[in-house]
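Work through the two exercises below with the sequence and the coordinates at hand.

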Amino acid sequence: MRLVAHDLSIAERLSGVSLTLEPGSITAICGPNGAGKSTLLEAFAGLLPPDAGSVALGDRDLHSTPAKERARLLGYLPQAHEIAWDVPVRSLVELGRLPHGDRRAEPVDTALAALDIADLADRRAQSLSGGETARVLLARVLAGEPRWILADEPLAALDIAHQLALLRHLRSAADAGAGVVLVLHDLAHAMNNADRVVVLDEGRIAADGACDNALDQQVIERVWKVPVRWIGEPGHRALVTG
Amino acid sequence: MTRATLIFAALLALALPLSLLAGRVWLDPATTPNAALILADLRLPRALLAVVVGAGLGASGAAMQGYLRNPLADPGLFGIAPGAALGAVAALWFGYAAAPFLLPLFALVGAGGAMALLAAIAGRTGGIALFTLAGLMVASLAGALTALAISLAPNAFAMSEIVMWLNGALTDRSWREVWLAAPLVALGVVLLWRSGRALDALTLGEPVARSLGVDTRRLLWLLIAGIGLTVGASVAVAGIIGFVGLIVPHLVRPLTDRRPSQLIVPSALAGALLVLVADSVVRILPLVTELRLGIALSLLGAPFFLWLLLRLRRGLA
């Protein structure tokens, strides 16, 4: 089921964005601060009503899709790691089952195991480290078994080992047919792990395509206004400035 | 049934018969003259009313804290209690206090007015910040109008009656008040209980809750109706009884797994217990005139709140 934005405008943050995302692959959304990345992700999650244009899942407009049904198909992970109460980890991950109206243990256990946090299940939320919290919150998304995973900076609070583990997991989700959309600040992560990169600048699409093209040196210099070059082999590239 | 529910249900079952015997005159069913009459017509309705009022205030406090994701929230903040109080004060102002049902009816109209105002301002978008601000404004408007009514009271008697009534109490209440408040509070608690799963989802913030399919507007309506019914009915029959909605969820929370949904029913039971015990204590205290329950609970509640702030401050430092 495709995720389609058509001529989407939201407040001053996005103007006239048209984009068709394919399931079964990882799409990275990149861009400078304030480019509209998080806004686009929220719109794809059906949380922001468009001022103009539309967002559709398959052939259905997202805003006429019932909230529960939308929630079963789209798993959304925001950037802010907010956990208001000191609840047990397992109950947080179980919230992913809310759109399904069940508390099946199996998807919850699978999600906990996939993120290597099965041993945290009985811990309390406020006793977790930043990296553990990030994994618990992603496990909540996975427990809902969504067709699309929409994550805003999921790697930000993780150490390098957990970043790689998480990217491996997202890759296997994509291989299993899920659509994965990630907002990423780290361009090297996008370059090495995404199938497609969408670069936003001031609410518009500045580049879109395979990593090599969309994150081409010239695009980065034009959009971010810093001189850079890529080094290393494809799949293992690093970005150096100057 | 969770551990907290069991504990408070057991304590309540224990406290209820004791409270029936407690009073300025301790009742001995075997020897006290007219014991059956005193029990059936005076002490039982009063005890049940304490249970009803406390349950409503406890449950609404738990739901409110869950909704605002803030342990310092109190249902009194939302203008429904002040709205109900304003209605009751109007009844007293016009000298309707003696007519049965008129004062609670006025109070319910006041609570309904506050609910309608809240819904009209914040119900369309379902935003938490807007709801909070609207509630604070409704509360301060109702408070100002109440103060105005007191200062313009037609005579000194009406004024003292209003001031006395505002400090809630359960003295001289009858079955009439129980029959009025019990169904409204029960319905309100059910509505609040039904909001539990949505409140759990709100633990992760509003955007995540919405992404999980929570209809935040429906949630807001559930809460306005639930809190309106519980708090409105409580104020209508007992006047303003503060701090129960604030203290009770705190006492209960450590006994639960801290999910908001798990807090609502035990908080109703614990609220019932607190008001029942407090009302028994004010009856027993050897004072010339009985200490008003509202004052007693505020005397207990304010230091508790300060202690809470101190603890939070230490947590932040």
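The exercises treat the fold of one chain and then an interface.

The model is predicted, so that local features need pLDDT of at least 70 and side-chain atom pairs count only at pLDDT 80 or more, while totals for chains, interfaces and linings use all residues. Residues are numbered from 1 along each chain as its sequence is written, and chains are lettered from A in the order in which they are written.

**Exercise 1.** Describe the secondary structure and the overall dimensions of chain A.

*Solution.* Begin with the DSSP runs (helices are H or I of at least four residues, strands E of at least two, numbered from the N terminus), which give chain A nine helices and 12 strands. Next, the radius of gyration, taken over C-alpha atoms, is 18 Å for chain A, close to the 18 Å of the globule rule for 242 residues, so the chain is as compact as a globular protein of that length; the rule is 2.2 Å times the number of residues to the power 0.38. Finally, the C-alpha trace of chain A spans about 50 × 40 × 30 Å along its principal axes.

**Exercise 2.** Which elements and residue classes form the side of chain A that touches chain B?

*Solution.* Count contacts first (C-beta atoms, placed from the backbone, within 7 Å): 22 residues of chain A meet 18 residues of chain B. Helix H2 (67–73) and strand S6 (74–77) of chain A are the elements giving two or more residues to this side, and H2(A) gives the most, with four residues. By class, the side divides into 16 nonpolar residues (Ala, Val, Leu, Ile, Met, Phe, Trp, Tyr, Cys and Pro), one polar (the others, Gly among them) and five charged (Asp, Glu, Lys and Arg).
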